Amino acid sequence: MKKALPLILISCILFSLCSCSGFNNHDDYPVTIGNVVIGEKPDTVVCLSESAADIIIACGYSTMISARSEDCDQNTISLIPSIGTSSAPDIEAIVGLGCDVVIADDKLTADDKTKLEQSGIKVLSLTNATTRDELTRMYSNISAVFEGNTTGRANGEKKIENLFSSIDELNRQIPDSQIVNTACYIYDVEGDDVKLVTGDSFASNLIEYTKTTNVGAGAINSILDATTLKMQNPKFIFCAPGVKQKLESHETLSKLYALNEGNIFEMEPSSMQRQGNTILSAVEFMVVSMYPELTGDYSESSDSDTSDTDSMTDSDIASDADTTSDNSESDTENTDSEESSDTDEEPTDVSSTSSQDGTRYYRVKSDDGLSLRSTPEKTDNIIGSLMDQQRIELVEDLGNGWFRVKTEDGNEGYCSSEFLVEDNGQ
């Protein structure tokens, strides 16, 4: 009996370890999202939604995507095969992959969805979140597709919690003021119809996070008439490339305060539509544009022939930055040494290029972006962020792995040269 007791204890311990190790965790699947039931962990996932792709990248699952739509053009997944657009995917190609799950958005037609489902493919149709709670559920649901109800949902909820913490911390850095700042984001102008961010979209929250009132918050369906916008007369305007020229030539809107004061900044529409780490990048860009004092030493634009419009194009948005550290209290700060966990890309050796006047330019080569610092050292001295592919001017090479640089809007600071590459453009 004395010999039997240890054997029983050992058996119990081994059984307990196997149960806890996740070898056969019956709680992870099936995953139910709406009326879609995913019975087991999928081997092949196709993503047709650029916003969902942004979330997948943020949650660390980009390597589990087998194919994507052309709209999902984030750097992290750019080498993954594309199979048409979000609205017109190659159905035969998707079926030929032996696809288990397709993650799509409202651009996918009912006919294409039916064809996919008839081929035995689970189709998860997602629409962009409009509130924090909805976005939290979306992160949880998307993560559950890849890792199940327990591990997946916990990971997704952790990632969105970190993202919101970063945004809230950025919000706290903005000085309080008795003066109410107003702003808007304009997608396009067609006649007297202004297509802009309205109060029924999550993008309106992005503007509000900057302690600024969105003048389009009272409208719906992304439309506001030109006369109303003129009456609102926002102090700051963010807009898609090309919109500034339309405003300048518009009979009703050409005298807007923001336009005449140079408070107009270009951002790609995707910066207001993707809901992964692009959210934080968009808020950071707007904050720095409206409150340049937060970046430390700020230089006013020179009286040159160059445009006074700052820009944030697709290549300037770190839309595919991965949130990789669960030990950090917040994902606000981009570190100089971090690389996205979803890419094996190695830092490129720095080689300079000179313009005709001898000025040397570089571009940031890091999905996580690069910190701009007040001193050439990795201490708590971050004064701004340089986005992936952002073009900067070299002011001084310190010769120790640090550059003093200047951005196109005149901000100066120090950054590591490790994640900079030559730029031959002028």
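This passage describes a pocket, charged side chains and unusual backbone geometry in a predicted model.

Rolling a probe the size of a water molecule over the atoms shows where empty space is left. In this model, the second largest pocket holds about 570 Å³ of space. Its lining is made up of 27 residues, of which Asp106, Asn128, Tyr187, Met272 and Gln273 lie closest to the centre of the pocket. Two or more lining residues are given by each of helix H2 (50-58), strand S8 and helix H10 (270-273), and the most come from H2, which gives 3 residues to the lining of this pocket.

Side chains of opposite charge can pair when their charged atoms come close. Across the whole structure, 10 salt bridges are found. In one salt bridge, the side chains of Lys107 and Glu50 meet with an N to O distance of 3.9 Å. This pair links distant parts of the chain, since Lys107 is in the loop between strand S5 (101-104) and helix H4 (110-118), whereas Glu50 is in helix H2, and the two are 57 residues apart.

Charge is also found on the surface, where Glu190, Asp192, Asp193, Asp225 and Glu251 form a negative patch. Of these residues, Asp192 is placed in the loop between strand S7 (182-190) and strand S8 (193-196).

Most residues other than glycine have a negative phi, and most peptide bonds are trans. Against this background, the peptide bond from Tyr29 to Pro30 is cis, with omega near 10°, and Pro30 is found in the loop between helix H1 (4-20) and strand S1 (31-33). Ser222, although not a glycine, has a positive phi of about 65°, and this residue is located in the loop between strand S9 (213-214) and strand S10 (223-225).

Conventions:
Residues numbered from 1 in each chain as written. Predicted model: local features only at pLDDT ≥ 70, side-chain atom pairs only at ≥ 80, totals over all residues. Heavy atoms only, no water. Patch = residues over 30% accessible without salt bridge, like charges linked within 9 Å, V, L, I, M, F, W, Y side chains within 5 Å. Areas by Shrake-Rupley, 256 points an atom, 1.4 Å probe, with all protein chains shown as cover. Salt bridge = Lys/Arg side-chain N within 4 Å of Asp/Glu carboxyl O. Lys, Arg positive; Asp, Glu negative; His and termini not counted. Charge placed at Lys NZ, Arg CZ, Asp CG, Glu CD. Helix = DSSP H or I, 4+ residues; strand = E, 2+ residues; numbered from the N terminus. 1 Å grid on protein atoms, 1.4 Å probe; cavity = no way out; pocket = protein on both sides within 12 Å on 5 of 7 lines; lining within 4 Å. Points joined across faces, edges and corners; volume = space filled by probe spheres on them.
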